[in-house]
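Take a look at the structure below. Then read on for a short tour of one interface and one sheet.

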Amino acid sequence: MDDVNWSELERLVAHGQISRRVLLRRLLEAGGIAAVIGPGATLLAACGQSKAAGPSGPVPAGYPPINNNILGKKITLTILLAADYYNQAPFTDLYAAFQKAYPDIKLNVTNAVWEDIPTKVKTAALGGTPVDVAHQHAFVYGHIGVAEQVDDLWSQWGKVSDFLPNSLQDVTWAGHRYGIPLDVNCLFTYYNKDLFASVNAMTPTATTSYTDLGKELLKFQGKPVKAIGLSNSAWNNSGLARANGGDLLKSDEKGVQINSDKVVAALKWNSELGWKYNVGTSPAPTKRQDEPGFLFEAKQVALLFSGPWDMPDIKKSGVNFGTTELPKGLDGNTNGSVQGGGSLFVGKGSKNREAAFEFMKWAVAKPNQIRMAKEMARWPVIADLYADPASIGANDPALTPYFSQLKAAKPYKLEAFPEGDKAWSDAVASAYNGKDAQTVLNEAQTKAAAAIGG
Amino acid sequence: MVLYALALLALVILLGPLVWMFGTALKEQSEIFTWPPSLFPKHWHWDNFVQAWQGAHFSRYFINSTIVSLVSVVTNVFLGAMAGYAFARLRFPGRNLLFVVVMITLMVPNAVLIIPLFLMMKNVPFTDPGGWLNTYQGVILPTAVTGFSIFLMRQFLQGIPRELDQAAAVDGANLFQVFWHIILPLTKPALAIIAVFTALTRWNDYLWPLVAIRDPDLYTVQIGLKYFIGPYHAQWNLLMAGAVIAALPMLLIYALFQPFFEQSLGNLGTGLNE
Amino acid sequence: MILQHRPALPPAIRRHAGAYLFIGPALVLLVVFNIWPALYTAWLSLQDYGILGSNGFIGLGNYAHVLRDGLFWHSLLVTSIYTIGSAALGLAGALALAALVTRKLPFMGWFRILYFIPSVTSLFVNATIFGWLFDYNLGLFNYWLTSLHLQRAPWLQDPNWALFSVIVVGAWGGVSYNLPIYAAGLQSVNRDLYEAASLDGANGWQRFQSITLPAIAPITRYTVILAIIGSFQLIASIDALTSGGPENATLVTIKYIQLQGFEFLHFGYASAITLFLLAFLLVVTWLQLRSGRE
């Protein structure tokens, strides 16, 4: 019974924030029948009563000041977040704190697995009941037309320069902003020091080129372990293309250049490691993109291009690993990677645009960002948090190359063009299957350009 | 002897993958994908099942899935049986045409009806905004009756001599009495099949519940199961543990109804000779 | 009868009222939740309908486009190959296994119960399991191959292998699912017929051909129709195993519909493809029913 936060429950009930069903569940979870019959009974009774508009609660330090435009308005915000974190401590505390500050705003937090969120957003949009806040890549939905433009709210807020410049790319399309970035990550390089040593190969550094790395990886030919765990994911390979200076979209974002020379060269180098030189493991089909990570942890491959999400398991596996940035292109002169993470956006047609934006501001407030980093390993979008890595729990030297690579990482914007995304994805899969990179990319360019233009 | 060997081979083929599922459910994250691969881990982590139960909110979701499946079973069995009986036994204008309509509904894939159904549920008149989305009835109604139930019942009844129910009608029994007192008991086996297959299909439904439900409190077991698939990697061991848990109720249902199967379909065989 | 208190209704309706009441609720539900949405889909197919709504009527424009769409025809081919492959293997396997379990041997009853278990788990789960068993680098099947000093097989990587692997998964499920039906069918065949045939000198295979097969022909027709319908609608396994790849080798039409609709957001076009699929399925089913009547 001690875990029942009575004052918190009382406040939520008094303000009508909590439904009887939810209250019942919480009491049962916390204290069982005793909680329900005992002190909980009065709470349950109080639940049905209407409430008057209350004054706002205090705003915790570091969060945006009260927005008087939405204070006092009875609003219900529908928020769609990913299933793997929506109920983790930083967020549940965020909901409570937000509702305390705005007692008349009810947060209706729903969740879905990341890959199902697009379906839910799209059906909601089609059905005329858009979500108020959702977590995906805002630019995609801005392009399709189901995200609200929020340039005006950004201007009022004035905090653009607080953000990592590339993180803002995740919410920008055709010059307009459609949301607020939430977290970032990017592709970088992991390598197994022991395995490299066993074949007398030099481990990659921040300045290694694809060409030089290739020479070292060839030393694994004929060995029982493979040099690299290959991935044929569209996202990964867009990063590997960027490392060579190759961009899938034209700079005006109106057309595609899937078969540009730099992209072709990068795909060729990566895919031939597998079928031509036989030093890479065969990429797994789409649903098992985490396999290269498993292979690295099982010491079956010596090199892995992946993101920070694999680090905890790699550490646990006991591999003697090192990290560095992605190779600097074929000739060592280009620096790039692909940025992941995501952003929060407001569904188009939402009636609570400003309140939704306010909630999003709270989600990226420094205290929340710090907690996301420390407790959930989701890396911040606020630039100056990186000045002191220890403050975000990032004092592991293995993360340093990752933070440095972040600066040159840009989002996979081809995702906004689904036909282009599929054409690129199919071409990548074919290339890893043994087809010539130039040929398949030419085909992809034709298909994509036909559907999109340019 | 050879027959037993064959039977065992079939057992290995059919159950092997499920044994793998169970073995994976017991593994630690790091033991899941090793080379060489193993069926079972060194230490059996039974707490994976506890973690799966909690992480996927199964306590709540089991209730939802049960309600949805149970109601669907009841409606399918009764409404399907009534319709099947009418199609099999009664002559009425439009009978053949309406049966063709029933068969057509079998062929329309549910996956493509998601959007029209969503719009329909949202726009149900006289309901608060949101219509019947996010409600039990919204999830259940689209499959409250399926062509399968009607089709099966009709086929089955064609194997039962008409004399039985005609005799009752001569005695003055009305349609409903004949149905209730004679047809239903006779067709218990077909009803059992309808019950089991309906329960199975509804329990394992994913797409419509995902789209129709917004409130996580109403989510079903299959939606909960996907909880372990994250954006960057999946917790395969917990996913498999969850899958085992999710399958248990259906195993129970099957075990309960299985004896009926063996009696019943005997008639189904001759019944299909039309 | 229920209507005995209303003599005013014409006799025809009075006579059939009971029947209509009996089929009424079921038919209403089916029409409302199945036929009506299908008609709505047909209506969508006549428009250029995107995520922001309709961009106007284009009549049969979508249909003309479908006819010219190479990927659509390819997907029909894939669907057909998949259907024939998994239905043939699945049903034949179920029949063979049914012949086994219906013998009066001890423990066969237990086997029979166990064989149904794969049907109890969801298709998504089963396909996920096979996805890992088929895995090129770490899967159990390739492990067995390497233990026998053979090459690893590209079960899901190579376009030709991938369709085969998907068919195997479908057949595997089909054997388990159809077993109870065939088993019951075999049990219902009159034993005397077999004895008479033996006396006439027929051997096992001949008895099977001339007695068993004809006797269960109706069941076979039933399971074949349901297997075809089911295969045409299969998307869960494809999604879990290959997502339609590699190189669209496993892109069944229903997956293509989902791609055009939910990914590319061409809802009108996807609806047109749906109607083509439905028409195709109707023709196939009708042919199947007709062949049975001869």
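The report covers how the model was handled, then the interface, then the sheet.

## About the model

This is a predicted model, in which local features need pLDDT of at least 70 and side-chain atom pairs count only at pLDDT 80 or more, while totals for chains, interfaces and linings use all residues. Residues are numbered from 1 along each chain as its sequence is written, chains are lettered from A and ligands numbered from 1 in the order in which they are written, and side-chain values use heavy atoms, with hydrogens and water left out.

## Where chains B and C meet

In chain B, 87 residues are in contact (heavy atoms within 4.5 Å) with 83 residues of chain C. The area buried between the two chains is about 7900 Å². Buried area is the accessible area (1.4 Å probe) that two parts lose on being put together, summed over both. Carbon and sulfur atoms give 81% of the area. B:Leu14, B:Trp35 and B:Met107 supply 9% of what chain B buries against chain C, more than any other three residues.

The side of chain B that touches chain C has 71 nonpolar, 12 polar and four charged residues. Here Ala, Val, Leu, Ile, Met, Phe, Trp, Tyr, Cys and Pro count as nonpolar, Asp, Glu, Lys and Arg as charged, and the others, Gly among them, as polar. Zero salt bridges (a side-chain nitrogen of Lys or Arg within 4 Å of a carboxyl oxygen of Asp or Glu) are found across the interface of chain B and chain C.

## A sheet in chain A

Five strands (DSSP runs of E, at least two residues, numbered from the N terminus) form an open sheet in chain A. The order is β9-β8-β10-β7-β11, and the pairing (at least two DSSP bridges between two strands) is mixed. β9 (280–281) and β11 (321–324) of chain A stand at the edges, each with a single partner strand, so one side of each has no neighbour in the sheet.

Strand β8 (residues 226–229) of chain A runs parallel to β9(A), joined by two bridges. A:Gly229 stands opposite A:Thr281 in β9(A).

Methods. Helix = DSSP H or I, 4+ residues; strand = E, 2+ residues; numbered from the N terminus.
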